[in-house]
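Work through the exercises below with the sequence and the 3D view at hand. Each task is followed by a solution in steps.

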Amino acid sequence: MSGMPHRTRQTYTGPEPIEGAEHLQLLGVRFVPVEYPQLAVTWEYVVQDGDVLFPSGMRVEPWPGLPVDERLRVVASFVQTLPLGKFERAARVAAELHLRQGRATPEQMAGAYWPEGKPDDIPEAARALVRDRWPELDPDAGAGAARRWNRLVRLAEVVQEHQAARARGEKAPANVVAEARGVEPGTVRSWLHQARQEGIAPRLAPLGEFMGDVISDIHPDGVIGETGR
């Protein structure tokens, strides 16, 4: 996408108290994905004291503004092909912005953009990224598939470690990653180059650009408006 990111449109429910755990609240974020304008996606988050703790539910359904004969069949096999990790990251950023109403610090928003920013979470986040981007790749399908899977996961880990180091303000993030992994900085830079070739870009997209790539300007509740629908 070039130029300024388009306007995104999402709706919210809550935050509302969770029955039996009144110190916690539930916040819903609903939007229409850019890649799938026939769908409406909802993520629900558990919130405490104005902070997003974790996602607790997700719903995918046809966009209600479509005629019945144009609606997609949202079956399990179809849902498995959706980039749910990317959808969740965009929804989390939207939830953080909604809760903080523009008062978030850069550090807080880095945490929203990188929910996997803690070192212990990066391996699972890397596996999720690879599953989202290469859903057809099965590491149990044979030695070749396993080697490619492991390589892609390592590249995704390095990208996220590099991003997290940048978010902390490290002046030489590649050196920080290299020291943690016991390799030379040149090796890390080579891995980052390979990641770019695979489409795993080691750069922080501006929040507006990232959200504009995922969330469309279509009203998620089926309201016909300025989008031309």
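**Exercise 1. Contacts of a proline**

Task: Find which residues Pro 64 touches, not counting residues up to four places away in sequence, and decide how exposed Pro 64 is.

Solution. Note before starting that the model is predicted.
- Step 1: Locate the residue. Pro 64 sits in the loop between S4 and helix H1 (76–79).
- Step 2: List the contacts. With residues up to four places away in sequence left out, Pro 64 touches Arg 30, Ala 40, Arg 71, Pro 220, Asp 221 and Gly 222.
- Step 3: Take Gly 222 from that list. Its C-alpha atom and that of Pro 64 are separated by 4.9 Å, although the two residues are 158 residues apart along the chain.
- Step 4: Judge the exposure. Buried requires under 20% relative accessible area and exposed requires over 50%. Pro 64 has 33% relative accessibility, so Pro 64 counts as partly exposed.

**Exercise 2. The sheet**

Task: State in which order the 4 strands of the open sheet are arranged, and how they pair.

Solution.
- Step 1: Read the order, which is S1-S2-S3-S4, with antiparallel pairing.
- Step 2: Identify the edges. S1 and S4 each pair on one side only, and are the edge strands.
- Step 3: Add the twist, which averages 20 degrees from one strand to the next.
- Step 4: Look at one pair. S3 and S4 run antiparallel and are joined by 10 bridges. Trp 43 stands opposite Met 58 in S4.
- Step 5: Check S1 for an unusual peptide bond. Pro 15 lies in strand S1 (residues 10–18), and the bond joining Gly 14 and Pro 15 is cis, with omega about 5 degrees.

**Exercise 3. The nonpolar cores**

Task: Name the residues that touch the most other members of the largest nonpolar core, and find which element gives the most to this core.

Solution.
- Step 1: The largest nonpolar core has 23 residues, and those touching the most other members are Val 29, Phe 31, Trp 43, Tyr 45, Leu 82 and Phe 87.
- Step 2: At least two residues of this core come from each of strand S2 (21–31), strand S3 (39–48), strand S4 (51–62), helix H2 (84–100) and helix H8 (207–214).
- Step 3: The element giving the most to this core is H2, with 7 residues.
- Step 4: Apart from this core lies another, of 21 residues, including Leu 129, Leu 137, Leu 152 and Val 153.
- Step 5: Return to Leu 82. Not counting residues up to four places away in sequence, Leu 82 touches Tyr 36, Leu 39, Val 60, Phe 87 and Asp 132.

**Exercise 4. Two helices and their buried faces**

Task: Find which residues are buried in helix H6 and in H7, and where they lie around each axis.

Solution.
- Step 1: In helix H6 (residues 173–181), the buried residues are Pro 173, Ala 174, Val 177 and Ala 178. Seen down the axis of H6, they fall within an arc of 135 degrees, so they line one face of the helix.
- Step 2: Glu 179 and Ala 180, on the other side of H6, are exposed.
- Step 3: Gly 182 follows H6 and has a positive phi, near 70 degrees.
- Step 4: Helix H7 (residues 185–198) has 14 residues and reaches 20 Å from its first C-alpha to its last, close to the 20 Å expected at 1.5 Å a residue.
- Step 5: Val 188, Trp 191, Leu 192, Gln 194 and Ala 195 are buried in H7. Their arc around the axis is only 160 degrees, which puts them on the same side of H7.
- Step 6: Gly 199 follows H7, and its phi is positive, near 90 degrees.

Technical notes:
Residues are numbered from 1 along each chain as its sequence is written. This is a predicted model: local features need pLDDT of at least 70, side-chain atom pairs count only at pLDDT 80 or more; totals for chains, interfaces and linings use all residues. Side-chain values use heavy atoms; hydrogens and water are left out. A nonpolar core is a set of buried Ala, Val, Leu, Ile, Met, Phe, Trp, Tyr and Cys residues joined through side-chain atoms within 4.5 Å. Buried means under 20% relative accessible area, exposed over 50%, partly exposed in between (1.4 Å probe, protein chains only). Contact means heavy atoms within 4.5 Å. Two strands pair if DSSP finds at least two bridges between them. Axes are lines fitted to C-alpha atoms, for helices over the stretch in contact, and angles run from 0 to 180 degrees between N-to-C directions. The arc is that of the directions from the helix axis to the C-beta atoms. The expected span of a helix is 1.5 Å times one less than its number of residues.
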